[in-house]
Amino acid sequence: MEGRVIKSTGSWYRVRTDEDLVLNCRLRGKFKLSGSRATNPLAVGDRVVLRANHDMREGVIVDILDRKNFIVRKATKLSRQTHVIAANMDQAMIIATLAWPRTSTGFIDRFLVNCEAYSIPAVIVFNKVDLLQSAEGLDALREATSIYLQAGYPCLQVSATERIRLDEFDQLLAGKITLLAGHSGVGKSALINAIEPDLDLKVQEISKAHSKGRHTTTFAEMFELSNGGAIIDTPGIKEFGLVDFEDWELCHYFPEMRNFFNLCRFDNCTHYNEPGCRVKEEVEKGSISISRYANYLNMLPGTQTGRS
Ligand SMILES: Nc1nc2c(ncn2[C@@H]2O[C@H](COP(=O)(O)OP(=O)(O)O)[C@@H](O)[C@H]2O)c(=O)[nH]1
Ligand SMILES: [Mg+2]
Ligand SMILES: [Zn+2]
């Protein structure tokens, strides 16, 4: 039988088979991915081959199928070993709020760069739009949305509590495996509950929502939805490991720069202050947003502190 890992504790794996059975499984014997630096051989989202016990409640995983994609983070800060967070995602969704709490564009852009680097299509959902009904609030929402639409990312404005555009939110998730990201307190749990009340996820009181470091879970959780989709929540994992790249490569991960970076005077242009830079010209013309460009500069390895 084949199936998908929907929960992992490190020693036990819950697998939903293609026949729609749910089995608790162990890995067969010594199971190591050859050449892998991963501390965990399997993660949620992995497709596996298993053998069910007679009771059809437990089984043994005998093989892992090739991954379409996967995301990792370093096992520890200095370690070369990695921890696989999740595999086989169809898309990644960042939940952002412009207030209570405010998600910075820097955070959004770093997330999007990671998605591009891992070739995972990304969508941006602005939640709590009910709190942005003043003129300034609506302006901020319009501006943020236009920045990301211009860069080529689908955007949706929703409210979990006021049930605004939740049908579209549900449609975005239907039939797909979606990696969910976003700061604590932006309403991830509230949004999932709003479309799938039976899950009854814990929604934090707003006073506690901002305190950091509450989550220590290291394993991502998968929530299956009745629309045929599934959400992978990564508690405590704010950013997945930034892939290593060279200065000149970063622009490859900004879709709106892709039409232009070949037109710069220098092949190895980093679009910082080189003469004849077409990307900078487009920023001046307005076809590349200043906000995205500023965050691009911040992310250039050469200009960023704390990167090795
Ligand atoms: N006004 C408003 N509050 C919301 C909305 N969505 C969530 N919240 C509140 O924001 C807080 C954090 O929500 P929660 O789902 O726990 O955030 P999570 O940490 O991202 O899972 C809770 O107090 C929610 O009631 C929304 O659309 N509008
Ligand atoms: Mg939550
Ligand atoms: Zn350039």
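# Worked exercises on a predicted model

Of this chain's 308 residues, 33% count as buried. The model is predicted, so let's begin with how much confidence it carries.

## Exercise 1: Confidence

Find the mean pLDDT of the chain, and the stretches where pLDDT is below 50.

*Solution.*
- Start with the whole chain: the mean pLDDT is 89, and 88% of the residues reach 70 or more.
- Now look at residues 211–216, where the pLDDT is below 50. Beyond near neighbours in sequence, this stretch has three contacts in the model.
- Then go to residues 304–308, where pLDDT also stays under 50. For these residues the model has three contacts beyond four places in sequence.

## Exercise 2: The overall build

Count the helices and strands, then work out what share of the contacts with a separation of 6 or more comes from residues 24 or more positions apart.

*Solution.*
- The secondary structure comes to seven helices and 13 strands.
- Take the contacts in the chain with a separation of 6 or more: residues 24 or more positions apart account for 62% of them.

## Exercise 3: Checking helix α1

Does the span of α1 agree or disagree with what its residue count predicts? Then list its buried residues and say what covers them.

*Solution.*
- Helix α1 covers residues 105–117, which is 13 residues.
- At 1.5 Å a residue, α1 should span 18 Å. The C-alpha atoms at its ends are 18 Å apart, so the two agree.
- Next, pick out the buried residues of α1: Ile 108, Asp 109, Phe 111, Leu 112, Val 113, Asn 114 and Cys 115.
- A helix has 3.6 residues a turn, so residues three or four places apart point the same way.
- Finally, look at the cover over these buried residues: it includes β8 (91–96), β9 (122–126), β11 (177–181) and α7 (290–299).

## Exercise 4: Following the strands

Starting from β8, trace the pairings to β9 and β11, and then go on from β11 to β13.

*Solution.*
- β8 is mostly covered, with five of its six residues buried.
- β8 and β9 run parallel, paired over five bridges. Within that pairing, Ile 95 stands opposite Val 125 of β9.
- β8 is also joined to β11, again in parallel, by four bridges. Here Gln 91 has Thr 178 in β11 as its bridge partner.
- From β11, move on to β13 (residues 230–233): these two pair in the parallel sense over four bridges. Leu 180 has Asp 233 in β13 as its bridge partner.
- Now check the two faces of β11. Ile 177, Leu 179 and Ala 181 point one way, Thr 178 and Leu 180 point the other way, and all are buried.

## Exercise 5: Backbone oddities

Most residues other than glycine have a negative phi, and most peptide bonds are trans. Find a cis peptide bond and two positive phi values in residues other than glycine.

*Solution.*
- The cis bond runs from Trp 100 to Pro 101, with omega near -10°. Pro 101 is in the loop between β8 and α1.
- One positive phi belongs to Ser 119, near 55°. Ser 119 lies in the loop between α1 and β9. Ser 119 counts as exposed because it has 8 C-beta neighbours inside 10 Å, and the cut-off for exposed is 12 or fewer.
- Another belongs to Arg 165, with phi near 55°. Look for Arg 165 in the loop between β10 (155–157) and α3 (166–173). Its 17 C-beta neighbours inside 10 Å make Arg 165 partly exposed.

## Exercise 6: A residue in a loop

Is Ala 220 buried or exposed? Say where it lies and what it contacts.

*Solution.*
- Ala 220 is in the loop between α5 and β12 (221–224).
- Count the other C-beta atoms within 10 Å: there are 24, so Ala 220 is buried.
- Leaving aside neighbours within four places in sequence, Ala 220 is in contact with Ala 43, Val 44, Ile 85, Ala 86, Ile 232, Asp 233 and Thr 234.
- Ala 220 and Ser 8 are 212 residues apart in sequence, with their C-alpha atoms 7.9 Å apart in space.

## Exercise 7: Around ligand 1

Describe the shell of ligand 1 by its nearest residues, elements and classes.

*Solution.*
- There are 20 residues around ligand 1, and Ala 160, Gly 187, Lys 188, Ser 189 and Ala 190 come nearest.
- Two elements give two or more residues to this shell: α4 (188–195) and α5 (206–209). The largest share, three residues, comes from α4.
- Sorted by class, the shell has seven nonpolar, nine polar and four charged residues.

Technical notes
Residues are numbered from 1 along each chain as its sequence is written. Chains are lettered from A and ligands numbered from 1 in the order in which they are written. This is a predicted model: local features need pLDDT of at least 70, side-chain atom pairs count only at pLDDT 80 or more; totals for chains, interfaces and linings use all residues. A residue is near a molecule or strand if its C-beta atom, placed from the backbone, lies within 6 Å of it. Ala, Val, Leu, Ile, Met, Phe, Trp, Tyr, Cys and Pro count as nonpolar, Asp, Glu, Lys and Arg as charged, and the others, Gly among them, as polar. A residue is buried if 20 or more other C-beta atoms lie within 10 Å of its own, exposed if 12 or fewer, and partly exposed in between; C-beta atoms are placed from the backbone. Two residues are in contact if their C-beta atoms, placed from the backbone, lie within 7 Å. The expected span of a helix is 1.5 Å times one less than its number of residues. pLDDT is the predictor's confidence in each residue, from 0 to 100. Two strands pair if DSSP finds at least two bridges between them.
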